[in-house]
Amino acid sequence: LTITATDEEFTISLDGSTYTYDGTGKAITNTPTSTAATGTTSYVYSFEEDGEYVADLSSLTKIDAGTYTVYVKGTNPNYSKTATTTATLTINKADLTITVIAQSHTYDGTAKGEDNKTYTTGIDAKVTAATLQGGDILSSITLNGTKIEKGEYENEIVASAAAVTYGHETDKTAITDNYNVTYVAGKLTITATDEEFTISLDGST
C-alpha cells in the first residue's frame, strides 16, 4: 500500500506577542497552529524571509523597541507543499519621566539655578529618572532656569536634551529610540542672606 502526499494546501498561523521595552530580549511566546488534517506539522522561524530559519522560536529575540516580522514555514509529511505565514513581535517604548530635583540657594546678588548647563557627570544630583530600564543610564542632561532675587519659583528649572547610554549591545543611540520621555521642571528657591548690609545718607547744608 502506497499513500503519497497530497498536493492540496494547508495553512498555518501564529499569533504575535507585544511587550514594553525593559532592556531584555523578547520573543513570540505563542504556539503555531495548522489546518493539516493529519500528521505532525513542523515549524521553522526567521526574522528574514530569505534568511536562516531555526526550529526554536524562543531563540528569535529582540531588545529594542520596534515592530519585527517573524516569518514562519510549516511542513507536514502528508502534504507536499510548504505552508507559510508571518507573525509580529512588537516592543513598545517605555515611559520615562525625568524630574528636576529642587534647588535652594542663598541670595548673594548673582543668578542662581542653571544657566543652560549640560551635565555629563553628577547627573543623579540634578535629576531623577527612576524608570530607566535594564542597565540604561543617563549620560547627559541640559538644565536651564535662573533667578536673582529672593523667592520661590515653581517649575523654574527645565530639563531637556537627555541622552542615554544603553546597557545592552545595540545600534540605537537616541533616548527616544526606546523611551517616551517626559520632563518635569524643578523648583528654585532663593532665601534671604544673613549677611548685613549698610545704608548711608548724605546730609544737607
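Trainee: What makes β10-β7-β13 an open sheet of 3 strands with mixed pairing?

Mentor: In this predicted model, the strands stand in the order β10-β7-β13. The edge strands β10 (127-128) and β13 (179-184) each pair on one side only. Strands are DSSP runs (E, at least two residues), numbered from the N terminus.

Trainee: How do you know that β7 and β13 pair?

Mentor: Two strands pair if DSSP finds at least two bridges between them. Strand β7 (residues 94-100) has 6 bridges to β13, so the definition is met. The two strands run parallel, and Ile98 stands opposite Tyr183 in β13.

Trainee: Which helices and strands does the protein chain have?

Mentor: The protein chain has 0 helices and 14 strands; a helix would be a DSSP run of H or I with at least four residues.

Trainee: How do you know that the protein chain is not a compact globule?

Mentor: The radius of gyration, taken over C-alpha atoms, is set against a rule of 2.2 Å times the number of residues to the power 0.38. For 205 residues a compact globule would have a value near 17 Å, but the protein chain has 30 Å. Its C-alpha trace spans about 135 × 25 × 20 Å along the principal axes.

Trainee: What share of the residues is called buried?

Mentor: Buried residues make up 33% of the 205; the word means under 20% relative accessible area (1.4 Å probe, protein chains only).

Mentor: Residues are numbered from 1 along each chain as its sequence is written. Local features need pLDDT of at least 70, side-chain atom pairs count only at pLDDT 80 or more, and totals for chains, interfaces and linings use all residues, while side-chain values use heavy atoms, without hydrogens and water.

Technical notes. Buried < 20%, exposed > 50% of the residue type's maximum accessible area, 1.4 Å probe, protein only.
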